[in-house]
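Me: I am new to this structure. Please walk me through a few of its parts, one question at a time.

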Amino acid sequence: MITNKYKKRLNFIKKGVIQKFGKGQSTNWRNRDFEDLSFDINKASKVLISATTLKRIFGKSKTSDKYYPQESTLEAMEKYATITVNEKITILHFFKKTTFLLLIVPILIAGILLLYRLQISSSDKLISAKIELKKIDGANPATAFFHYEIPDTKDSLFVSFGDEYPLKHLLATKQLISHFYRHPGIFNVNVSTRRQVLSDTLKLFIPTTDWQALAHYYHQNYTERYFPVPIELTTGDEGFHPTRKDLANIGMDTTQIIVLRLDNFKKTGINGDTFNLKTRIKNINYWPTIRCYSAYINVIGESGLISFKLTNEGCSQFGEFTLSEKTAQGSYADLTNFSLNIKSWNEIEIKNTNQHVQVNINSAIVFQEEYNNSIGEVLGVSLRFHGSGYIDYFELLDKNNAPIFEQNF
């Protein structure tokens, strides 16, 4: 149960973010504003909070009354809003402009001391709880069962399952808890209070049995379903492509924006800092409500990912890329090289050579950059489209040109 104390903390952080962002009340923010805010927070905190998550936090997307952001999300927002102890000079400067300085200074000092204690408590993550994976039921979807041990404390304790599901309250009288994972991937699971992580982080891996296609709505919360798309029924002369009729036949409302994803996750034992990826893709010619079509190409490692978002011409502001610790978004970077005629076939090649990444589109070099932190073992690849895309073939080769993932559709 979310107490008033936690609600007050969240509201305090949101007010700080709104003031720092300087674009008026969040009820008037548009999609571009949330993407700009996502970039600003990432720049200040090195933590990427998606525009979708920010919409949930600020009430622009419908969520459950029990929805509460993860602690890492709150800490990133706090850092951006400069409401930590390190920003006390900024806060003092603000209050000096008022006629109530003498009254407020003692309260301000007490608040700073409290925030300082909270900051120290948050940074000193004493390991006093345990969580371990007991078993996984199924491949994907999957239900994971966890055993936990928690200390005797008056604080409420929670488990974060590593997806967008809200923190779940842990009962001292129980030691087993399960969670349903709707899609494959890598999920960081831990036990925490609202302010402090108490356990080691458990990396949970949910694989696929082979290539798997799922579709979901662009604007949806964690309670809504993912729709399985039969690959064998949606592959034809132009490769893999679920039509609007195909998606309607599996129960989807095709007047809404639909996100189509194609995944393959497995343990490979191969380091992801050198690979060669090739694919041929395009997006659908028309989809209701969409003007800016996009396609994501992701290589997911145990410790990070390589990701590129391609857009159609004129929509480069919505482009983005991630190279392990490095991220960029089209709102604050020139990503016009990732803006192309995405409704026609495009040959995409991503070469990663010892953490130096080069992207070729239709044989032309459009991007080169290095990153510092290894992404670790390759565990999966994922392609996503807004609307319904086409995939002709896909291959990911290791440093010896041996296939890691490959498929002719």
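Me: How many of the 11 residues of α4 are buried?

Reply: This is a predicted model, in which local features need pLDDT of at least 70, side-chain atom pairs count only at pLDDT 80 or more, and totals for chains, interfaces and linings use all residues. Residues are numbered from 1 along each chain as its sequence is written, and side-chain values use heavy atoms, with hydrogens and water left out. Helix α4 (residues 71-81) is largely enclosed by the rest of the structure, because its buried residues (under 20% relative accessible area, 1.4 Å probe, protein chains only) number 8 of 11.

Me: Which helices do the buried residues of α4 pack against?

Reply: Helices here are DSSP runs of H or I with at least four residues, numbered from the N terminus. The buried residues of α4 include Leu74, Met77 and Tyr80. They pack against α1, α2 (31-45) and α3 (51-57).

Me: Are α1 and α4 parallel, perpendicular or oblique to each other?

Reply: The axes of α1 (residues 4-21) and α4 come within 8 Å and cross at roughly 40 degrees. Axes are lines fitted to C-alpha atoms over the stretch in contact, and angles run from 0 to 180 degrees between N-to-C directions. Under 35 degrees counts as roughly parallel, over 145 as roughly antiparallel, 65 to 115 as roughly perpendicular and the rest as oblique. The two helices are therefore oblique.

Me: How do the residues of the contact of α1 with α4 divide?

Reply: Contact means heavy atoms within 4.5 Å. Among the residues making it are Leu10, Ile13 and Val17 of α1, and Leu74 and Met77 of α4. Ala, Val, Leu, Ile, Met, Phe, Trp, Tyr, Cys and Pro count as nonpolar, Asp, Glu, Lys and Arg as charged, and the others, Gly among them, as polar. The split is 8 nonpolar, 1 polar and 5 charged.

Me: Which strands stand at the edges of the open sheet β1-β2-β5?

Reply: The 3 strands are antiparallel in their pairing; strands are DSSP runs of E with at least two residues, and two pair if DSSP finds at least two bridges between them. Each edge strand has a single partner, so one side is left without a neighbour in the sheet. The edge strands are β1 (130-137) and β5 (176-181).

Me: Which residue in the turn between β16 and β17 has a positive phi?

Reply: β16 (residues 320-323) and β17 (residues 326-329) pair in the antiparallel sense over 4 bridges. Leu323 stands opposite Lys326. The hairpin has 2 residues between its strands, and the one with a positive phi, about 55 degrees, is Ser324.

Technical notes: Buried < 20%, exposed > 50% of the residue type's maximum accessible area, 1.4 Å probe, protein only.
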